[in-house]
Amino acid sequence: MSSMIEVKGLEKSFANNKALASVSLDVEEGEMFALLGPDGAGKTTLMRIVCTLLDADRGDASLGGFSVSGEPEKIREIVGYMPQRFSLYGDLTVRENLDFFARLLGVPRRKREERMKELLEFSRLGGFVSRRAEALSGGMKQKLALSCVLIHQPKVLVLDEPTTGVDPVSRREFWRMLEELKSKGTTILVSTPYMNEAERCDRAAMMYAGRILFNGTTDEVRSAFEGEILEVKSGELKRLAARIKEVVPTRFVQILGDRIRVVLPAKYAHIEKDISALLLTEGVGTDGIEKAAPGIEDTFIALMEGRDE
Amino acid sequence: MNALLNFIRKEFIQVFRDRNMVRIIFVVPLVQLFILGYAVTTDVRNVDLLFVDRDDSQMSRELLGSFMNNEYFNVKALYQYAEPVERLIRRGEAKAAVVVGRNFERGLEKGEGVGIQVLLDGENSNTSSVALSYCVGYINSFAHRIARGRTAHVVNPVMNIRYNPELESVYFMIPGIIGVLLTVLTMLLTGLAIVKEKEKGTFEQLMVTPLKPWQIIAGKTIPFAVLALVAMGIAMIVGVLWFKVPIRGSIVLFVLGAFCFIIANLGLGIFISTIAGTQQQALFTSWAFMVVFILLSGLFFPIENMPHWVQYITVVNPLKYFIRSARDLLLKGVGLQTILPDLEALVIIGISIFATSVMRFHKRLT
């Protein structure tokens with residue numbers, strides 16, 4: 001396996017605001033790589049540099065072996081970039097949008113129809129070819145945008161928060177499409193604020209304030225969590241959660257369906273005893289408390305706590 | 001080349017899909033043409049004129065006669081001095097007055113100089129200055145007749161107004177309307193079309209494609225240049241067939257002038273797109289440019305009447321050169337020689353604006 005995207009020591013500032021502070025990253029060919037982090041973490045800036053839309057202040061990046069500063073036009077031929085905002089022509093129909101990008105990206109005439117048919121099938125937009133893009137639902141818009149980006153069969157896909165603001169059903173459908181693309185060998189770099197989406201990726205990098213906090217396979221990310229996670233089952237979730245919040249910072253307590261999930265990063269781990277004691281007085285026995293396995297989001301919360309000191 | 005054609009094709013689809021755009025391009029010019037052609041008339045007709053004849057002599061009646069029977073004045077003769085003429089004018093009973101003094105005839109016979117007083121309501125400076133020139137014209141022709149030996153024979157007063165003898169303001173207006181029309185279609189629409197792509201985020205998408213910056217610029221300007229020329233053709237046809245505007249000069253030169261003018265405006269459109277972030281900003285910026293251009297173009301007010309420092313500003317106004325050369329071509333039928341300075345100015349302004357704007361645009365892109 002060779003690197004498809006290589007980023008070394010990238011720095012970028014806007015005015016006095018440091019968007020990227022020495023970021024390095026490697027995305028292997030054929031893998032699906034997630035960029036995680038809250039708004040303003042630097043995900044979009046990083047992606048825009050990789051796609052040659054923005055010049056870095058320092059450092060270098062390459063995509064498919066081409067340097068962003070040296071051969072940007074080569075990169076544009078093999079990358080498909082989907083910006084965060086819907087960016088197709090709302091006043092053109094689904095077909096016209098596809099056709100426009102097909103011609104623009106140099107898809108030969110005889111392959112154009114075939115490619116459009118494939119993509120309409122793939123995105124299940126076949127029934128909407130004559131509908132204007134602006135009249136599509138949020139989920140369909142994203143699928144159309146993905147299709148337009150895919151029309152020239154790019155080797156690398158760079159997707160900036162493609163599922164933000166999309167309903168859960170469409171989101172699942174969108175990820176199904178990404179997995180299918182991955183199985184065909186497309187390298188995918190995708191950013192998302194939803195940690196659970198990262199679970200579907202091979203590897204993930206966590207970004208915060210222009211830095212990468214952690215970078216590894218999703219399993220590695222999960223096991224990087226240090227601390228304790230408790231799950232409490234009870235019939236009175238709200239009241240209990242309020243009680244727990246008396247001893248634990250609110251941000252660590254979450255009600256999930258039928259239980260309360262308490263994430264205790266390493267330095268808070270000692271509170272575990274207090275919670276157990278508290279719960280005992282509330283009539284929840286030790287059998288009502290379970291230790292749970294960490295998810296990617298838990299690692300992120302723990303890493304953030306570590307930073308704040 | 002294919003990529004460019006594809007881009008232009010898309011631009012046309014977008015324009016024709018937008019009903020408002022179609023209206024702006026094809027209906028608005030015609031409405032402007034009819035409104036400016038009919039309503040905004042600077043012609044001076046049926047001006048109420050008081051002829052105060054204190055002499056009541058043959059000579060003074062002869063002068064009165066030369067003011068009668070034309071469409072420019074409604075003459076009302078007064079023989080008695082009832083109240084100051086000024087007051088009548090102030091009350092709005094007349095826009096102009098010609099006062100002949102008591103010893104008019106005698107003075108003329110003796111060969112002494114006689115004065116004729118002309119009073120004008122200067123509220124509308126345009127009307128009054130035109131009316132004044134008519135009055136002076138009639139009086140002069142009267143004086144000529146006297147000088148030739150007082151023959152009261154019918155020597156018709158000859159008003160020597162050239163090129164637009166009927167002073168049809170529509171003739172004068174049409175080149176201006178076409179200039180404004182070209183400005184809207186090129187500067188405004190190009191600016192809007194580029195900013196729209198930025199606003200909607202499609203610009204970012206375009207930049208990740210192999211499309212080159214010059215192709216984006218060409219793709220954004222060529223369609224509007226074509227539409228502008230088509231709309232100009234429509235306006236010209238209506239002008240000639242309906243308003244009977246003469247085309248005395250070369251139509252080829254006219255189109256050439258329009259073309260130079262379009263380049264300047266496309267450049268401005270690109271420039272606006274580099275300073276405006278939203279379509280609204282682009283609209284207001286273009287509007288600001290246009291108001292200044294129109295006011296300082298000589299379309300409504302002669303540039304010669306403007307203060308000197310304002311006249312210097314008009315040196316960079318492309319609309320001024322276009323309107324001047326178009327009027328010269330259509331109404332006077334002059335040749336290339338005469339309008340060459342205007343064309344040169346247009347080319348210089350056009351190329352410098354276009355080049356600066358494209359450079360700014362490039363810088364924004366990379």
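## A nonpolar patch on chain B

Helix H9 (213-241) and helix H10 (251-275) of chain B each give at least two residues to a nonpolar patch; helices here are DSSP runs of H or I with at least four residues, strands runs of E with at least two, numbered from the N terminus. Ile237(B), Val240(B), Leu241(B), Ile247(B), Ile251(B), Val252(B) and Val255(B) make up this surface patch, with about 600 Å² of accessible area together. Leu241(B) belongs to helix H9 of chain B.

A patch like this joins nonpolar side chains (Val, Leu, Ile, Met, Phe, Trp, Tyr) within 5 Å, from residues with over 30% relative accessible area and no salt bridge. The areas are Shrake-Rupley values with a 1.4 Å probe, and for residues only the protein chains shown count as cover.

## How the model is read

This is a predicted model: local features need pLDDT of at least 70 and side-chain atom pairs pLDDT 80 or more, while totals for chains, interfaces and linings use all residues. Residues are numbered from 1 along each chain as written, chains are lettered from A in the order written, and side-chain values use heavy atoms, without hydrogens and water.

## Where chains A and B meet

On chain A, 26 residues are in contact (heavy atoms within 4.5 Å) with 24 residues of chain B. Four salt bridges cross this interface, counted when a side-chain nitrogen of Lys or Arg lies within 4 Å of a carboxyl oxygen of Asp or Glu. One of them pairs Arg9(B) with Asp99(A), at 3.2 Å from N to O.

Helix H2 (72-78), strand S6 (79-82) and helix H3 (94-104) of chain A each give two or more residues to the side touching chain B. H3(A) has the largest share, six residues.

Terms used: Patches are made of residues with over 30% relative accessible area and no salt bridge: like charges are joined within 9 Å, nonpolar side chains (Val, Leu, Ile, Met, Phe, Trp, Tyr) within 5 Å.
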